[in-house]
Amino acid sequence: MTFGYVRVSTDKQTVENQRFEITRFCAAEGLSIDGWIEETISGTKNYDKRKLGQLLDRVQAGDLIVCAELSRLGRSLFMIMEILSICMSKECKVWTIKDGYRLGEDIQSKVLAFAFGLSAEIERDLISQRTKEALERKRAEGMKLGRPVGALSKKVKLSGKEDAIRVLRAEGTKWAQIARLLHVDRSTLVRFAKTRGLWGNFPPQFSDCPKTEAG
């Protein structure tokens, strides 16, 4: 089977351009597309948290995945190597249009599959080793690791977005709407706003900000 994989990072981008490229490419190659996988999600999100992960579980020997370019698979070389390693270990071909890569059943692809798989394994081991060494060093220095129960991490998903939240609230945007824009739960946004001093500093007419409630 031949699958067309399309990914864009934000709602402001369109999948149509990539879909058109893949359709035209497959027509020129005499291929019929059996299924489309389209998603709007950041390439930094691990593949197993995306529709791509479901596709990788599904593909079989002889299947073909066509995408516009390798960067559509992931935003890091490590992630791309891991994805390609999975595909080639399952004897699934991957073709990209802009890059011109055709990873399949030839000897070159098998060598690349081994290299990608080994590189990914080494990188995982190195990351694990560096993390353990850093933790041991901090413990040796007497630092208490972790954070108190119930305390928020200083670095959270919304860190760095304080100004955007201020502007949106000043314009009258409700907390629920801001939460949707920032892709978090409303309760998460409210907790963040309170810890950063963003709560309660807006016009009292905002109906979703009662004095007696946390949201």
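**Close-up views of a predicted model**

**View 1. The open sheet and its edges.** The sheet is open and mixed in its pairing, with five strands in the order S2-S1-S3-S4-S5 (strands are DSSP runs of E, at least two residues, and helices runs of H or I, at least four, numbered from the N terminus; two strands pair if DSSP finds at least two bridges between them). Strands S2 (35-40) and S5 (102-103) are the edge strands, each pairing on one side only. The model is predicted: local features need pLDDT of at least 70 and side-chain atom pairs pLDDT 80 or more, whereas totals for chains, interfaces and linings use all residues. Residues are numbered from 1 along each chain as its sequence is written, and side-chain values use heavy atoms, without hydrogens and water.

**View 2. Pairing of S4 with S5, and the helices on the sheet.** Strand S4 (residues 93-96) is antiparallel to S5, over two bridges; Trp95 has Arg102 in S5 as its bridge partner. Helix H2 (residues 51-58) packs on the sheet and touches S1, S2 and S3 (contact: heavy atoms within 4.5 Å). The direction of H2 makes about 150° with that of S2 (axes are lines fitted to C-alpha atoms, for helices over the stretch in contact; angles run from 0 to 180 degrees between N-to-C directions). Helix H1 (residues 16-28) lies across S1 (2-8), S2, S3 (64-67), S4 and S5, at about 155° to S1.

**View 3. The surroundings of Thr2.** Thr2, in strand S1, counts as buried because its relative accessibility is 8% (buried: under 20% relative accessible area, 1.4 Å probe, protein chains only). Beyond its neighbours within four places in sequence, Thr2 contacts Ser32, Ile33, Asp34, Gly35, Leu64 and Val66.

Note on methods
Buried < 20%, exposed > 50% of the residue type's maximum accessible area, 1.4 Å probe, protein only.
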